[in-house]
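Reader: Could you walk me through this one, and tell me what the terms rest on?

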Number of protein chains: 2
Amino acid sequence: METTSSVVIAVALLAVSATGFGDDAQLLRGAAEVRDQALAENRAYETVAGLTSEVGPRLAGSDGDRAAVAWAITRLKALGFDRVTTEDVSVPRWERGTAVARIVAPFPQTLATVALGGSIGTPANGIEAPVIQVESLAELKTLNRAQVEGHIVYLPGRMQRSRDGSGYGIAVAKRYGGPVAAASLGAVAVVIRSAGTSNARLAHTGATTYIPGKPRIPGFAISNPDADLLEYQLATGRSVRLNLTSTARSLPSVRSANVVAEMTGKDPAAGLILLAAHLDSWDLGTGAIDDGAGVAIVTEAARQVRLAGVPLRTIRVVLYANEERAVSGANAYLQAHIEELPRHVVATEADLGAGKVWRLSARVNEQHWPRIKDWMPVFQPLGIELGNNESRGGADIAILGRNGVPFVSLSHDASNYFDYHHTASDTLDKINPGDLSQAVAAYSALAYILANRKDDLGRVPTAANTR
Amino acid sequence: METTSSVVIAVALLAVSATGFGDDAQLLRGAAEVRDQALAENRAYETVAGLTSEVGPRLAGSDGDRAAVAWAITRLKALGFDRVTTEDVSVPRWERGTAVARIVAPFPQTLATVALGGSIGTPANGIEAPVIQVESLAELKTLNRAQVEGHIVYLPGRMQRSRDGSGYGIAVAKRYGGPVAAASLGAVAVVIRSAGTSNARLAHTGATTYIPGKPRIPGFAISNPDADLLEYQLATGRSVRLNLTSTARSLPSVRSANVVAEMTGKDPAAGLILLAAHLDSWDLGTGAIDDGAGVAIVTEAARQVRLAGVPLRTIRVVLYANEERAVSGANAYLQAHIEELPRHVVATEADLGAGKVWRLSARVNEQHWPRIKDWMPVFQPLGIELGNNESRGGADIAILGRNGVPFVSLSHDASNYFDYHHTASDTLDKINPGDLSQAVAAYSALAYILANRKDDLGRVPTAANTR
């Protein structure tokens with residue numbers, strides 16, 4: 001770390017001195033100092049190690065979820081936040097139970113599977129039916145009931161790997177929409193190829209959806225190697241029968257909480273900046289990259305700014321409840337803070353793992369966008385490039401954007417993120433401490449700028465943000 | 001494949017014409033042709049795809065094991081072998097059942113675990129005890145009974161990754177010897193860090209051993225991420241308690257079989273060459289790299305040689321039973337063929353996955369070793385270097401070596417092999433078809449030389465091979 005920091009500091013000073021910052025020169029010099037202070041020493045890894053090793057899985061509404069809230073309160077106080085509070089959130093509760101998938105014919109084999117999040121279970125003796133492979137939801141819509149009825153629909157779409165993680169949005173369509181679409185044609189269950197890039201024999205969970213009043217059938221994901229195996233057998237042209245069992249079930253909603261903590265700014269009239277991550281996780285792994293890393297990054301960024309002095313604006317960290325299943329915390333936060341919304345000068349969210357940050361983008365009022373480009377000398381030494389002004393924010397802050405709050409966003413390198421995300425392998429060892437420190441430095445510098453810059457970033461058209 | 005093949009052919013012809021082969025020039029030219037013929041087209045991937053997708057897991061004595069023998073007979077006949085026979089092998093039978101490991105205190109979490117192969121189970125209500133971390137078997141021997149008694153012994157040794165796979169031999173010592181050593185000091189169970197390099201949350205199985213008349217305790221492996229988690233909690237200095245449950249059990253031995261198939265040579269007096277792989281696999285994956293790849297490679301090498309014409313010597317492929325738990329097939333083969341042993345001119349074994357071959361080594365009578373160097377122009381175009389004359393052969397042919405039979409061995413690149421080996425992730429997708437073809441080409445060329453070379457490779461001192 002020491003060597004790396006020294007190099008970065010040298011490059012950064014050069015960059016700052018070689019460009020004219022105009023009015024913001026002092027601000028950006030301060031940001032560069034906070035960046036390098038964070039690179040030299042930060043407690044983010046310690047934070048995520050604690051959350052994953054002492055709490056671990058924390059599915060909304062579970063014992064782990066409650067333990068995580070208690071852990072977060074203790075941790076945030078220890079990190080020096082001024083105010084640490086919780087805000088009630090009602091969360092739908094779901095239990096995974098056990099899932100078993102077996103090829104019964106033509107060549108019997110057991111497949112590594114998980115229930116899709118929120119799925120109903122099967123009857124106790126399971127579901128056994130022939131499999132029909134349907135390439136996409138679009139193709140499924142072209143089929144008629146006679147072709148699908150009584151079958152298990154298998155959706156094989158494979159996620160493509162990329163730095164920006166854009167393949168995920170495509171791959172999850174079948175996970176969200178598969179059960180409803182197949183049920184409408186009389187299918188008895190849906191099996192999808194995991195919406196992830198892992199070659200491990202661990203299936204990828206994540207939420208599926210039902211529509212009130214429409215038929216519900218169970219949804220399963222099988223791992224990529226198991227999808228290959230199933231497709232091999234289907235490709236023989238022989239009838240393939242699957243037997244599926246799942247004890248997944250929904251239970252009455254329970255109370256969870258958003259954890260809200262602040263580093264109070266000098267000027268109450270200057271409003272606040274909101275740093276978001278989510279405290280809940282799926283139940284299979286220990287939630288290290290999703291989103292223990294985000295929790296560690298945003299709490300540490302706030303701390304790093306405060307270490308450099310009391311900021312102009314208050315920095316509010318919100319660790320949201322139940323992002324994974326229903327963004328319950330985000331909805332509850334908006335309701336609770338709707339009157340206070342004008343004080344929210346800007347929001348940023350960390351929920352794409354612990355990879356190096358490679359891009360800075362935003363969603364600010366167009367007249368402010370050119371000013372953001374001036375910040376790049378602070379970020380370029382970290383290898384970060386300028387994106388565009390079309391950031392979607394993140395799952396938890398999206399609703400703030402739809403209500404006019406601007407975003408500034410940092411994109412993590414997500415090339416390997418979907419090898420682990422939403423699987424049992426989302427564990428601490430997937431976080432590279434050096435990459436995490438780079439991300440903490442980037443968020444710290446950004447938070448410093450946002451919290452100390454005199455001007456705000458305007459409001460964004462609410463229509464534009466609802467797309 | 002076509003492009004690659006053309007390049008290799010060009011390089012190979014150059015190499016052959018630029019060196020003086022002496023008496024063997026024609027032989028080596030033929031070997032180069034077989035090599036390139038195999039590179040251009042071979043059926044090895046098809047073979048391993050069939051074995052893994054149609055049979056899958058085939059633990060000795062299981063239904064899968066029987067299905068594999070039937071599959072192999074059909075497949076070998078289809079590939080054109082002259083004689084396809086089975087030879088009875090008695091195999092010890094063991095069932096894994098289910099294994100659960102939970103940290104009870106200080107921070108409850110469930111760990112991904114498997115029973116070590118051959119381990120006894122736990123009482124139905126499990127074993128719960130405090131954990132003592134012991135760095136190695138050597139350190140365990142320095143402890144006294146009072147320190148260990150009533151504890152679960154945790155052995156953390158981490159396998160080192162390398163091209164030659166040499167880290168495995170070190171890492172498995174704790175797996176083989178841990179339960180006996182810990183039981184002798186009154187431990188109630190042993191938990192090891194998986195003897196593999198995977199970062200997936202899948203534990204690595206493999207055989208453990210007991211000593212008749214000595215105390216037996218159950219053995220478990222936990223995945224590398226779970227080992228990190230356990231070590232984090234142990235490092236807090238607080239007492240760590242584990243709860244372990246396993247329904248593993250041994251059953252009476254059953255009959256399995258070695259599958260033996262030949263491409264008959266021209267001259268019965270010239271003896272035979274033996275190409276070895278093992279047909280059984282562990283039960284967690286589908287046995288693609290261990291050892292479906294070997295099965296595919298050696299059967300295809302024999303076929304490629306035969307495609308070029310009837311060889312001088314008979315090529316005997318032996319697909320051994322139960323390599324994994326007790327090399328039962330190797331022992332049975334020796335007993336059944338002890339009289340015929342002098343006819344075994346040389347043996348080679350493929351049991352290190354489907355990675356590219358990078359080294360040719362041997363264990364032949366010293367006076368023959370210099371001649372093997374002359375073969376390298378055939379192998380160098382494949383990127384294969386010359387090793388030494390100290391090959392250990394492989395698990396199944398080692399016993400032949402101890403009885404004087406020479407080896408010539410090809411080493412696969414094992415850098416990634418132990419990411420999948422003995423885990424649920426040992427599946428077809430881990431085989432790169434291009435790498436597999438390179439290996440098939442290497443084995444085909446080697447088999448051509450060994451089967452057609454007039455001179456034999458002598459006998460090796462039996463004492464030297466027992467080390």
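Author: Sure, starting with where the chains meet: 23 residues from chain B and 23 residues from chain A make the contact. This is a predicted model, where local features need pLDDT of at least 70, side-chain atom pairs need 80 or more, and totals for chains, interfaces and linings use all residues. Residues are numbered from 1 along each chain as its sequence is written, while chains are lettered from A and ligands numbered from 1 in the order written.

Reader: What makes two residues count as being in contact?

Author: Their C-beta atoms, placed from the backbone, have to lie within 7 Å.

Reader: Which helix gives the most to the side of chain B that touches chain A?

Author: That's H9(B), with 6 residues. Helices here are DSSP runs (H or I, at least four residues), numbered from the N terminus.

Reader: Why are H3(A) and H10(A) called oblique to each other?

Author: Helix H3 (residues 44-55) and helix H10 (residues 288-307) of chain A pack at an angle of about 140°, with axes 8 Å apart. Angles under 35 degrees count as roughly parallel, over 145 as roughly antiparallel, 65 to 115 as roughly perpendicular, and the rest as oblique. H3(A) and H10(A) are therefore oblique. Angles run from 0 to 180 degrees between N-to-C directions, and the axes are lines fitted to C-alpha atoms over the stretch in contact.

Reader: Where do the domain bounds of chain A come from?

Author: From an automatic or database domain assignment, which gives domain 1 (2-92 + 252-466) and domain 2 (97-247). Their C-alpha centres lie 35 Å apart.

Methods:
Helices (H or I, at least four residues) and strands (E, at least two) are DSSP runs, numbered from the N terminus.
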